[in-house]
Amino acid sequence: MLKVEELPKEQIYVAAHPSYFPETALELAKKLADAHDKQICLLGVLGRNESASSYESAFETWRYRIGFPVNYFVLDDDFTDFMEFVEAAILIFEVSDVPPYNKPLNQLKLCRELRIPYYFVKPGQQISFDRVLVPIGFLVEEREKGVFCRGMGMHFCSHIMLMVANDYGTRAQQNAEAIMGLMDKGGVEYENVEATKNSFKIELEAVDRVMELEASLLMISASRDYGMDDILFGPKELKVIKKSVVPLMIINPRKDLYTLCN
């Protein structure tokens, strides 16, 4: 295992535990790595009373099973500090019935301070960037989705579907227009999909209409802050993860620039 100082910068990290082989997450990582010329790294996050040796043994065995080059690292330090130090490009979780990745709320909490996008996939989901559904709300940070939409259109020839929240005000529409302007400059194919819900429910409408719209990927923003309802019942993104039948890409509502945006 490489030391943290030896890890290549801007890798795509796949969170994994020795008890479960994240096949679908690795498939997604491979497509992203090929498109962006990045390396892939299995990341073990040590839990209570766990040993690094069990992770290292499993990851070393998996390297021969995977079929393409991967690095691996076992983390027993601050998660956010580590991700920033190695300048991680993307993080991927595979949700399964096997702990510790059977409770995605824990992973959402882990990612609250990240400046990079993170994906949630489920076993056996088809990995495709052909049709990307993007709900757009009224927060100004929604415009950050534009760089990812443009990137997907340029790298994967994705067809982007913008679902603009049905609000009384015009801020969501203004955000959508800013995103469309960015995609126009990149020559990205897109369309507008009519929505019935407002900015507070637009992500839930989107996940309900994935099959109808034949979307292959859903892109949403995480909650800016957790209110009392979020603490008691879980944030909206947790509900979306549980309901989604396609891979889900989440970006935190921050104004920082991201790594994979061009």
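**Exercise 1. Find which ring face Lys 9 lies over, and do the same for Arg 65.**

Solution. Start with Lys 9, which lies over the face of Phe 85, at 4.5 Å from the ring centre. The rule used here is that a charge sits over a ring if NZ of Lys or CZ of Arg is within 6 Å of the ring centre and within 35 degrees of the ring normal. Next take Arg 65: the ring beneath is that of Phe 21, with its centre at 3.8 Å.

Before going on, note that this is a predicted model, in which local features need pLDDT of at least 70 and side-chain atom pairs count only at pLDDT 80 or more, while totals for chains, interfaces and linings use all residues. Residues are numbered from 1 along each chain as its sequence is written, and side-chain values use heavy atoms, leaving out hydrogens and water.

**Exercise 2. Work out how the rings of Phe 73 and Phe 82 are arranged.**

Solution. A pair of aromatic rings is described by the distance of the centres and the angle of the planes. Rings of Phe, Tyr and Trp (its six-membered ring) pair if their centres lie within 6.5 Å; planes under 30 degrees apart count as stacked, over 60 as edge-to-face and the rest as tilted. By this rule the count comes to 11 aromatic pairs. For Phe 73 and Phe 82, the centres are 5.1 Å apart and the planes are at 10 degrees, so the pair is stacked. Now try Tyr 118 and Phe 120: with 6.4 Å centre to centre and 75 degrees between the planes, this pair is edge-to-face. Finally, one aromatic cluster is formed by Phe 21, Tyr 55, Phe 59, Trp 62 and Tyr 72.

**Exercise 3. Check the span of helix α2, then find its buried side.**

Solution. Helices (H or I, at least four residues) and strands (E, at least two) are DSSP runs, numbered from the N terminus. The expected span of a helix is 1.5 Å times one less than its number of residues. For the 15 residues of α2 (residues 52-66) this gives 21 Å, and the end C-alpha atoms are 20 Å apart, which agrees.

Next, list the buried residues (under 20% relative accessible area; exposed is over 50%, partly exposed in between, with a 1.4 Å probe and protein chains only). In α2 they are Tyr 55, Ala 58, Phe 59, Trp 62 and Ile 66. They cover an arc of only 100 degrees around the axis, taken from the directions from the helix axis to the C-beta atoms, so they are on the same side of α2. On the other side, Thr 61 and Tyr 64 are exposed. The cover over the buried residues includes α1 (23-36), β2 (40-45) and β3 (71-75), where contact means heavy atoms within 4.5 Å. Just after α2, Gly 67 takes a positive phi of about 95 degrees.

**Exercise 4. Describe where Ile 220 sits, and what pairs with its strand.**

Solution. Ile 220 belongs to strand β9 (residues 217-221). Its relative accessibility is 0%, so Ile 220 counts as buried. Among the residues Ile 220 touches are Pro 135, Lys 145 and Val 240. Lys 145 is 75 residues away along the chain, yet the two C-alpha atoms are separated by 8.4 Å.

Now look at β9 itself: five of its five residues are buried. Leu 217, Met 219 and Ser 221 point one way, and Leu 218 and Ile 220 the other way.

Last come the partners, where two strands pair if DSSP finds at least two bridges between them. Strand β6 (residues 131-136) runs parallel to β9 and is joined to it by two bridges, with Leu 133 opposite Leu 218. Strand β10 (residues 248-251) also pairs with β9 in the parallel sense, over four bridges, and here Ser 221 stands opposite Ile 251.

Conventions: Lists of a residue's contacts leave out its neighbours within four places in sequence.
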